[in-house]
Amino acid sequence: MTTSTLAMIIFAAILIQTTILVLIGLHRRKKLQKSQQNQVTKVVQHSSSQEDVLSNDQSFNSVFPWSGYREFRVLRRKMEDKNNSICSFYLTPTDGKPLPSFEPGQFLTFKLQIDNPSSGQSKTVTRCYSLSDRPRPDYYRVSIKRVPPPVGQPDLPAGIASNFFHEQVHEGSKLLAKAPSGHFHLMNDKNLPIVLVAGGIGITPMLSILNTLIEGGLSREVWFYFGVRNGDEDMMKNHLRMLAETHSNFHLHVCYSAPNEDNEEEIDYHHSERISIPLLRSTLSLKRYQFYVCGPQAMMESLVPGLEAWGVDANDIYYESFGPATLIKQDRSEQERLESEPMTITFSSSDRSLPWDATADSLLEFAETNDIDVPSGCRAGSCGSCQTSLIKGEVEYNQQPDASTEPGHCLLCIARPKGDLVLEA
Ligand SMILES: Cc1cc2nc3c(=O)[nH]c(=O)nc-3n(C[C@H](O)[C@H](O)[C@H](O)COP(=O)(O)OP(=O)(O)OC[C@H]3O[C@@H](n4cnc5c(N)ncnc54)[C@H](O)[C@@H]3O)c2cc1C
Ligand code: FES
């Protein structure tokens with residue numbers, strides 16, 4: 001082999017090697033470009049999906065509440081307690097349009113068409129149920145306790161609406177509901193630490209308030225007192241325990257008034273007693289708080305005045321009644337009846353004029369006592385179903401109404417007369 005042939009072979013080998021290296025380099029570069037392109041696409045896709053979420057949230061917060069009733073479909077049902085007596089219903093609007101936000105603590109008013117199998121007829125029943133989760137753009141949640149007949153009276157019918165929900169409302173069922181409303185809700189005007197006090201199913205508006213505060217980063221200290229009889233009635237147990245373990249600003253006090261044998265202190269509950277002012281005093285430090293209270297009659301009657309007697313400013317106490325059973329009843333004595341000015345209440349459609357009984361809590365109670373048929377729902381000024389035209393005279397309200405009324409109308413369930421009245425009922 002000549003020197004020139006050897007030189008050509010070496011040159012060709014170097015050329016081939018260089019070409020291979022260039023090709024490998026080009027391939028790698030192309031691969032890198034492709035992967036970079038993919039990454040860019042992913043980032044773009046990711047940021048555009050974030051934008052979607054953002055724009056959804058923005059539109060969610062700017063959606064206006066609807067008027068009248070809107071149709072919802074039940075997305076999901078979930079039992080929340082060991083007794084299977086509390087069921088959550090997740091509701092989405094059938095029109096597919098976004099849901100308006102709401103103030104945590106507010107409720108939905110449902111119009112239900114319930115069949116009576118014995119008469120073969122159906123009747124319209126109006127009931128309010130608090131929203132039990134924070135506002136979300138795609139669904140609302142309510143949690144409903146099945147109401148049995150009163151203790152010792154098993155022959156009386158069980159609660160009509162709550163049992164209808166438990167027995168006849170399934171995934172896919174359709175329901176009519178008014179937009180969220182109510183004056184009992186989280187107040188953000190004062191940045192005070194918060195005490196949420198819930199008895200039994202009174203926990204629902206508190207869950208909405210708590211979940212909203214957690215979502216916002218829990219900048220305010222929250223003390224949560226939840227009272228039930230025992231572990232069988234304890235609801236959303238894992239959710240509350242998990243929040244207490246993961247948020248140092250959230251202090252959970254679960255009270256069982258009559259724990260079962262298998263309920264363990266410090267694991268299932270913290271206090272074997274009812275929620276009381278002495279318990280609040282011994283567990284809260286001495287400073288200003290905002291109190292929110294919702295629970296059964298006995299709890300409301302002892303705690304709300306008890307907080308004021310302890311020195312809590314009435315403006316820092318917010319409470320909600322779940323209907324007549326939990327309203328703080330006025331103590332209207334026979335003396336009051338004797339001392340009150342005589343007044344005549346005329347029910348024009350029924351063609352009856354009756355002397356007002358000052359021991360009656362409301363015009364609704366007075367009408368019912370006298371067998372005058374007036375539609376009613378919540379009996380707490382919330383649902384609007386007892387709205388009646390006030391043809392003549394004036395009324396005063398026992399409490400601030402949540403339902404709005406048409407001009408010249410009043411809510412009989414929370415109204416008392418200021419003088420002679422003519423009502424269209
Ligand atoms: C603002 C607001 C929010 C609410 N939020 C919730 C919530 O989040 N969750 C919840 O579960 N509830 C809530 N409630 C309560 C709810 O609206 C209903 O009042 C509750 O479900 C009972 O309704 P019902 O139709 O089942 O019972 P009803 O039919 O009204 O019966 C009530 C009770 O009367 C008894 N009764 C029936 N007939 C007679 C009779 N002839 N004589 C004597 N007693 C009789 C029944 O057995 C039952 O014990 C809320 C109420 C309000 C006002
Ligand atoms: S019964 Fe609901 S507002 Fe009177």
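**Ligand 1 and the sheets of this model**

Visitor: What distance separates an oxygen atom of ligand 1 from a polar backbone atom of Pro-157?

Guide: This is a predicted model, where local features need pLDDT of at least 70, side-chain atom pairs count only at pLDDT 80 or more, and totals for chains, interfaces and linings use all residues; side-chain values use heavy atoms, with hydrogens and water left out. Residues are numbered from 1 along each chain as its sequence is written, and chains are lettered from A and ligands numbered from 1 in the order in which they are written. A polar contact is a pair of N or O atoms within 3.5 Å. For the oxygen atom of ligand 1 and the polar backbone atom of Pro-157, the distance is 2.6 Å.

Visitor: Which residue has a side-chain N or O atom 2.7 Å from an oxygen atom of ligand 1?

Guide: Cys-128 approaches an oxygen atom of ligand 1 with a backbone N or O atom, at 2.6 Å. The contact of 2.7 Å uses a side chain instead, that of Tyr-129.

Visitor: What share of the area of ligand 1 does the protein bury?

Guide: Areas follow the Shrake-Rupley method with a 1.4 Å probe. Ligand 1 taken alone exposes 980 Å². The protein buries a share of 75%.

Visitor: Which element gives the most residues to the shell around ligand 1?

Guide: Helices (H or I, at least four residues) and strands (E, at least two) are DSSP runs, numbered from the N terminus. Those giving two or more residues to the shell are α2 (160-168), β5 (140-145) and β4 (121-130). The most, four residues, come from β4.

Visitor: Where does ligand 1 lie with respect to the domains?

Guide: Around ligand 1 there are 27 residues, and Cys-128, Tyr-129, Pro-157, Ala-161 and Ser-162 come nearest; a residue is near if one of its heavy atoms lies within 4 Å. Domain bounds come from an automatic or database assignment. Both domains contribute residues to the shell, so ligand 1 lies between domain 1 (70-149 + 156-177) and domain 2 (194-326).

Visitor: Which residue of β4 is the bridge partner of Leu-108?

Guide: Strands pair if DSSP finds at least two bridges between them. Strand β3 (residues 107-116) and β4 are antiparallel over ten bridges. Their hairpin has four residues between the strands, and Gly-120 there takes a positive phi near 75°. The partner of Leu-108 in β4 is Tyr-129.

Visitor: Which strands stand at the edges of the parallel sheet of five strands?

Guide: This open sheet runs β9-β8-β7-β10-β11. Each edge strand has a single partner, so one side of it is left without a neighbour in the sheet; these strands are β9 (250-256) and β11 (317-320).

Visitor: What is the average turn between neighbouring strands of the sheet with mixed pairing?

Guide: That open sheet has the order β13-β12-β18-β14-β16. Axes are lines fitted to C-alpha atoms, and angles run from 0 to 180 degrees between N-to-C directions. With direction ignored, neighbouring strands here are turned against each other on average by 35°.

Visitor: Which residue of β18 is the bridge partner of Leu-390?

Guide: Strand β14 (residues 387-392) pairs with strand β18 (residues 421-423) in the antiparallel sense, over two bridges. Opposite Leu-390, the partner in β18 is Leu-423.

Conventions:
A polar contact is a pair of N or O atoms within 3.5 Å; within protein, one must be able to donate a hydrogen and the other to accept it, and residues adjacent in sequence count only if both atoms are side-chain atoms.
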